[in-house]
Structures are given as structure tokens and as C-alpha cells.
Amino acid sequence: MNRKVDERVRVDGKFFRLDRSRFPIKGVTYGPFCPDEHGSTFASPDQTKKDFEQLNQLGANVLRCYYVPPKWLLDLAHQHGLKLLIDVPWEKHRCFLDSKESRKRAHKAVRDAMEQCKNHPAFFAASVVNEIPAEIVRWSGPDRVMRFIDELIDDAKSIDPDGLYTFSSFPPTEFLLPQNIDFVCFNVYLHHQKSFEAYLSRLQTLAEAKPLMLGEFGLDSFRVGEKEKCEILTWQIETAFHSGLAGTVVFSFTDDWWRSGHQIEDWSFGLTTVDRKPKDSFATVQKLYKQAPRFPLPVTPKVSVVVASYNGDQTLADCLHSFSRVKYPDFEVILIDDGSTDDTPQIARRYPFVRYIRQTNMGLSAARNAGIAAAIGEIVAFTDSDCRADEDWLNYLVGDMLAGNFAGMGGHNFLPPEDSPIAAAVMVSPGGPVHVMLTDREAEHIPGCNMAFYKSALEEVGGFDPIYRKAGDDVDICWRL
């Protein structure tokens, strides 16, 4: 019997997954177009089919629509392997919290949208509101606005609990962080590379454990020209994926754009012209989306991954198995068994790619030092036996180490969503984002479950201090480095 394929996208840590595969968002915005005689802001079925065939050529897998699509469009998207990020339009530009009727209309808009799209395999996610004006937020107060967004998401989840939900923010309201969103979505129009890189780091800090994606970015061909547009889109898309974003949505597919009752003719953000002729930027995004999410690193130094474990058999198999999916081209895994009395040796034998080293119980630091001594890689990375490595974990660590003048690189402690006291305790313990970040890029220390160093730097400071048998070794070595 064939295994049933899961056709709904789900959150997996900082990324998305479709069935068993990573689902990097490679999107473009679509419409709205001039309303037809029925008031629909979508193109005709024939034109939509041609557009979707062209989007397949582009390599896009997600469309962002600013109005709720009819069922025929959802069906057509599914036939073409496309997922839809759907904005729910309502009166966000008014002081909606001051009016009971405005609030009721917003709730109804969200519920009606979900009734129309619920359980459809082409439905990726809904944005319950897009870009609430900053002056409206200041007037009503951020806390009240966030509570209202959470209420709208509660409405949506009550109708389609398996759907994903967000709201689309932008820099003037970056402080709005509702609790119920499944992922963070930002519209960002920054055309200077250093500013763009810095702001993505800022957004990753704000997003914490949730996936972050760019819901809109792009350039006007009229004002910057196609050549510069192509150059900027190139480094924007590469930077976004190098920065660990879950995906990008380029604004927009075509210059054909209807807004506020008018056909827009003095902006040209499309990758195609009004009559769908591909521009040079179409070919640029096509090339980038073919490579994404993994862009080649300039060099790929060998990495030795050290897993120190003491009686970790309850989680060790999941940890070691995760390395079978890691995409980095040159790495080894070294398991240091610190005198375990459980089934650690038997589990290690299931994974022939793992170098297994057993020692008498001497503590965490001594185990990690044994891993350093055995390592043949230029870089030594560390994680714990109760962790799972993301498939691109080493690409992110090595990429930033190569790009910056750092002795070490690491990331936060992240857990999958779980309602338990243990998960809550871990997220507020030292090593979580709120505790260690000095800036959006630099940390006071990096946590032992997610760190990498040049081996020469570790040797220069004498490795980890064996006095730290269970914890504190990561803080100490960072301070000494």
C-alpha cells in the first residue's frame, strides 16, 4: 500500500516542510487585476492557466494573493503544484478598534475567507491583515492591536486548524509580535546591501523560534532600470536564504496591477510586462530560485561534528539519524560516549558513518576535548545527543564563519512547538535569544548544543576546562576566546 502524502505545508523549527521534504518559499505576488463584471480581481481562467504555466517556468512554488481566490483558482494552483499565501482584506486603514462594526466586519472577513479555502491542498497560509498603518497602531495601542490580530487568527484556526496563519508587518510596526502567528512575515524594501543584511538579522532576533519569511520585496524597473534591478534582486535573494529565512516572495509577477480603483501605470515592479513578456529580472529570479535555498559557499572546509553523550539513549538515535540528512559536502560525526551505562554503544552501531569513541565518565568538557583531539576537520562543531541537526545547519554556520572574522559561530536553543513546563523552561533559560544577544549579530556566548569553532582557536586556549562536568563549559570557552 502506498503511503499517503501530506499535501499541507507545516512548520518545522525555523522552516517549512511539505510531507518529508523541506519547503523553501520561492514566491511572487499575484494581482490584484482590474475587476471583471462580477467584481473579481483575478484574471480569467484561461489567462490564469497561462500565468501558472509561466510561474512553473520561473520556479516559483508560492503565490501571494491580496484577495481571497475562488475555488477554481485554488484547484488550478494545485494542478500546477503552487501553494497560495492569501491576504484577507478588511478596513485596516481606519481606527478599527474604535468601532464595534469594523471589528465585526474584520472577523467576518477572516471567517468567510477560511470557509472558502479550508482544507484545500493549495492553501499554504493566510495573512489576516497586511501592513496596519503605524499611526493606527499608535492611536489604538500595540497591545490592543496584537490582541485583535490574535483573535482573528483564533477565528481562522477554529475553521481550519491545520492551516498556517500570520500577519504581514513592515518596518514601522516591527514591534507588533502577536502570540498566535505560526510564522513571521515582513515586507521589506531596502536596496542597500549592508542595511538589508542588518535588518534581516534584526528580524531574525525578533522572530526568535518561529520561521521568518519576506512577504514582499522588489524594485521598480522604471526608476532603477532592469540591470540594477537584476543586480539587487540577486543579492537580496541570496542574502535572505543565507540568513536562514524560510523563503522570499518577490513583488511582483507582472506589471499588470490594479490598486485603489485604478490601473497602475507609473510603477513597473513586475518580472513580466503587462502582456506577460518576461523581463531580464524574470531570468534572474528563475536562476536564483533554481538554486535556492542552498547557494554554493566559496569554499567548504571539512567540519568535525562532536556529539558528547552520557546515558542519552532516549534521544541519541534521532540525533544521529538527523545527520544522514545534512547537506554539507564535507563533514564527519564523532560520538564521544562518556562512560554511558545504557544502550548508547548499540545505538552507535546502527550508524556506520559515525566514529564512536568510548571513555570513562569524566564529564562534558573532557568528552568534548576528546572530540577535538580526534577531529580531522578545520572546523569543529558541537551539538548534544538530545538535539536534531537541521539539514542546512552546517551550511549556515560555515557560511557566516567564512564571511566574518570570528573564532566561533553559533545559534540559539530552539525547540519545536510544545506545551509543556520543560519546553517553557528551556526557552527562558540562559542560551535562549533574550539572554545572550549583545546585538542582532553578536552574542555574549553561544550555547553548547549549537556552536562551531576553528580547531586551531580551540587548541590555542587549551580546549574546554574539565572542571565543567555538566554545564558552563560553553560560556567559559567563549569568554576565554
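Trainee: In this predicted model, which residues does S201 touch, not counting residues up to four places away in sequence?

Mentor: The place of S201 is in helix α6, which covers residues 193-207. Its relative accessible area is 10%, so S201 counts as buried. Leaving aside residues up to four places away in sequence, the contacts of S201 are D440 and R441.

Trainee: In what order do the 8 strands of the barrel close?

Mentor: The pairing in this barrel is parallel, and its neighbouring strands are turned by 25 degrees against each other on average, with direction ignored. Helix α3, residues 100-117, packs on this sheet and touches β6, β7 and β8, its direction making about 170 degrees with that of β7. The order in which the strands close is β4-β5-β6-β7-β8-β9-β10-β11.

Trainee: Which residue in β9 stands opposite S168?

Mentor: Strand β8 (residues 164-169) and strand β9 (residues 184-187) run parallel and are joined by 2 bridges. Opposite S168, in β9, stands C185.

Trainee: How many residues does helix α1 have, and what does it reach from its first C-alpha to its last?

Mentor: Helix α1 covers residues 45-58, which makes 14 residues. At 1.5 Å a residue, the span expected is 20 Å, and the helix comes close to that, reaching 20 Å.

Trainee: Why do the buried residues of α1 lie on the same side of the helix?

Mentor: The buried residues of α1 are T48, D51, F52, Q54, L55 and L58. An α-helix has 3.6 residues a turn, so residues three or four places apart point the same way. On the other side of α1, D46, K50 and Q57 are exposed. The buried residues of α1 are on the same side because they cover an arc around the axis of only 165 degrees.

Trainee: Against which elements do the buried residues of α1 pack?

Mentor: The helix is followed by G59, whose phi is positive, near 95 degrees. As for the packing of the buried residues of α1, their partners are β4 (25-30), β5 (62-65), α2 (71-79) and α8 (280-291).

Trainee: Which strands stand at the edges of the open sheet?

Mentor: The open sheet has 6 strands in the order β16-β15-β14-β17-β19-β18, with mixed pairing. A strand with a single partner has one side left without a neighbour in the sheet, and this holds for the two edge strands, β16 (354-359) and β18 (408-410).

Trainee: What is the bridge partner of D338 in β16?

Mentor: Strand β15 (residues 331-338) runs parallel to β16, and 6 bridges join the two. Helix α11 lies across β14, β15, β16, β17 and β19, running at about 145 degrees to β15. Within β16, the bridge partner of D338 is Q359.

Trainee: Which residues of helix α16 are buried, and against what do they pack?

Mentor: The buried residues in α16, residues 473-480, are D473, D474, D476, I477 and C478. They pack against α11 (364-374), β19 (451-454) and α15 (455-460).

Trainee: How many disulfides does the count come to?

Mentor: A disulfide requires cysteine sulfur atoms within 2.5 Å. C478 is buried, with a relative accessible area of 18%, and its sulfur is 12 Å from the closest cysteine sulfur, in C449, which is too far for a bond. C230 is also buried, with a relative accessible area of 11%. The count of disulfides comes to 0.

Key: Residues numbered from 1 in each chain as written. Predicted model: local features only at pLDDT ≥ 70, side-chain atom pairs only at ≥ 80, totals over all residues. Heavy atoms only, no water. Pairing = 2+ DSSP bridges. Helix = DSSP H or I, 4+ residues; strand = E, 2+ residues; numbered from the N terminus. Axes fitted to C-alpha atoms, helices over the stretch in contact; angles between N-to-C directions. Contact = heavy atoms within 4.5 Å. Buried < 20%, exposed > 50% of the residue type's maximum accessible area, 1.4 Å probe, protein only. Expected span 1.5 Å × (residues − 1). Arc of directions from axis to C-beta.
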